[in-house]
Amino acid sequence: MLTRHQDPILAIATAPGRGSVGIVRISGRAIAPLMRAIVGRVLRPREATYLPFPDRQGVPIDHGLALFFPGPHSFTGEDVLELQGHGGPVVLQLLLARCLEAAAQPDIETGIACLEGLRVARPGEFTERAFLNDKIDLAQAEAIADLIDASTEAAARSATQSLSGAFSQKIHALRDALIQLRMLVEATLDFPEEEIDFLQKADAKGQLGRLQEALRTLMQQASQGALLREGIRVVIAGQPNAGKSSLLNALAGAELAIVTPIAGTTRDKVQETIQIQGVPIHIVDTAGLRLSEDAVEKIGIARAWDAIEGADAVLFLHDLTRIADTDYIAADAAIAQTLVEKLAKTVQVIDVWNKVDTASAIAPQSGITLSAKTGHGLDVLRSALLQTAGWQATTDGVFIARERHLQALRRVAAHLDAADAHLMQRGQSLDLLAEELRLGQNALSEITGEFSSDDLLGVIFSKFCIGK
């Protein structure tokens, strides 16, 4: 009996909606009988064949290309059949239904069902099959989804790096070095009576130090890759009429938010994603922060504070033309105090002094001075946002990474630090040293999927699009 991971599967592999081309993809073991039922012949491997796709009565549903990729030399490692027709939703649904119908029909040669158990694939199941059949590892599988979802050119190039195996190769190199060190430690545990000190002779301390240095470099590259994938969430906050909506429009290069001289124009959050040197910056414009009796504005202000508390960085916008207004300065000070109370210490608040083009006053030395209207100072602000995100100018060797990868690498670092402490103690600590190295190895293997749970796989692949 076939397991869930062995059932033959099919899905529409192209995005929903109308298009010039639509693809129905089938993957399973021994799908030649189904091929005969759908297109009337067994196709030559990896050769596109133009032919009709008939229904059960022989009337063509569509005409298009059929391609057959026999396993294990296919994306999933199983036999794969792709039907490439026109991209109308109705046509593709008819082809999908025809495949399911044909799978249940008796094969003309064997008399048994053409492809028993054929079902519609779950999201990400084709890529999951590729992982389970050792065509790709888990980090490469995730890179496929990241390449599809990439919002900037730099993110796409980094995802391609990971998909090619660059990230996995780094992980494997670290794991191999860690295994070598484990062998030395466990040899010492197995032969304690030997006069030769295996660890000292093999420079175990030096090996561990080099492992830690290589891990630090990898963590830096991975954090840059995670930044390209996730970006940072930046909230523009401040009193009404400080120019928050104008700043959003200036950074986005489009009139996204309504700008008027009337205080309280912005009643809800307005969000836009921009990119600076390939890094996605998710900017949120919020309602002006003040005491208000207006019911709608109060809701907007509450949402503004919610957005602020979920930010990676806050641009606290000040109106330079009102710097001499004691009531305005007092309100700014109250907002600043609330920001300190509500935000974690890791969230950076950047003071931004706006309207330098019309102000007669000189801005305080702290913060950034700009004009959202003329664009003066915007480049300084962009650089400050990149610095806040921790971005480095060069992307050489950067591969896409996820928070899951960073967490695993942090655990590896903690285990290696603990191993270093045990190595210094020696004696009875050698068994603890071996255990820390084993745990570090397992954490590394989680990244590539060599040591993972079905629950983890379910979470990862469920976020893929259907047909991939």
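User: Let's start with aspartate 312. Where does aspartate 312 lie?

Analyst: This is a predicted model, and in it aspartate 312 lies in the loop between helix H10 (295–309) and strand S10 (313–319).

User: Is aspartate 312 buried, partly exposed or exposed?

Analyst: For that you look at relative accessible area, where values from 20% to 50% count as partly exposed. Aspartate 312 comes out at 40%, so it is partly exposed.

User: And what does aspartate 312 touch, not counting residues up to four places away in sequence?

Analyst: Leaving those sequence neighbours out, aspartate 312 touches Gly231, Ile232, Arg233, Val347 and Gln348. With Arg233 you can go down to the atoms: the side chain of aspartate 312 reaches the backbone nitrogen of arginine 233 at 2.8 Å. For a sense of distance, take leucine 218, which is 94 residues from aspartate 312 in sequence and 23 Å from it in space, C-alpha to C-alpha.

User: OK, on to strands. How do I read the pairing around S9, and which sense does S8 take with S9?

Analyst: Check the sense and the number of bridges for each partner. Strand S8 (residues 270–276) pairs with S9 in the antiparallel sense, over seven bridges. Strand S7 (residues 232–238) runs parallel to S9, and five bridges join those two.

User: Which residues stand opposite aspartate 285 in these pairings?

Analyst: On the S8 side, valine 270 stands opposite aspartate 285. On the S7 side, isoleucine 236 has aspartate 285 as its bridge partner in S9.

User: How many residues sit between S8 and S9?

Analyst: Two, and the strands form a hairpin. Have a look at glutamine 277 in the turn, where phi is positive at about 55 degrees.

User: How many residues of strand S9 are buried?

Analyst: Six of the seven residues in S9 (residues 279–285) are buried, so I'd call the strand mostly covered, with buried meaning under 20% relative accessible area.

User: Now the charged side chains. What's the general idea, and how many salt bridges are there?

Analyst: Side chains of opposite charge can pair when their charged atoms come close. In this model the count comes to 28 salt bridges.

User: Show me one inside a helix. Which residue does arginine 382 pair with?

Analyst: Arginine 382 forms a salt bridge with aspartate 379, and their closest N and O atoms are 2.8 Å apart. Both residues lie in helix H12 (residues 378–389), three residues apart, which is about one turn of the helix. Arginine 382 is partly exposed at 23% relative accessibility, while aspartate 379 is exposed at 57%.

User: What about a pair from two helices? Where do glutamate 446 and arginine 411 lie?

Analyst: Their side chains meet in a salt bridge at 2.4 Å, N to O. Glutamate 446 lies in helix H14 (residues 430–448) and arginine 411 in helix H13 (residues 403–425), so the pair ties together parts that are 35 residues apart in sequence. Glutamate 446 is partly exposed at 23% relative accessible area, and arginine 411 is partly exposed at 33%.

User: And a buried partner? Is glutamate 125 buried or exposed?

Analyst: Glutamate 125 is buried, at 0% relative accessibility. Arginine 122 is its salt-bridge partner, with the closest N and O atoms 3.1 Å apart; this arginine is partly exposed at 28%.

User: Which residues are linked with them in a network?

Analyst: The network of salt bridges links Asp7, Arg29, Glu78, Arg119, Arg122, Glu125, Glu128 and Arg129.

Conventions:
Residues numbered from 1 in each chain as written. Predicted model: local features only at pLDDT ≥ 70, side-chain atom pairs only at ≥ 80, totals over all residues. Heavy atoms only, no water. Buried < 20%, exposed > 50% of the residue type's maximum accessible area, 1.4 Å probe, protein only. Helix = DSSP H or I, 4+ residues; strand = E, 2+ residues; numbered from the N terminus. Pairing = 2+ DSSP bridges. Salt bridge = Lys/Arg side-chain N within 4 Å of Asp/Glu carboxyl O. Contact = heavy atoms within 4.5 Å. Polar contact = N/O pair within 3.5 Å; in protein donor to acceptor, adjacent residues only side chain to side chain.
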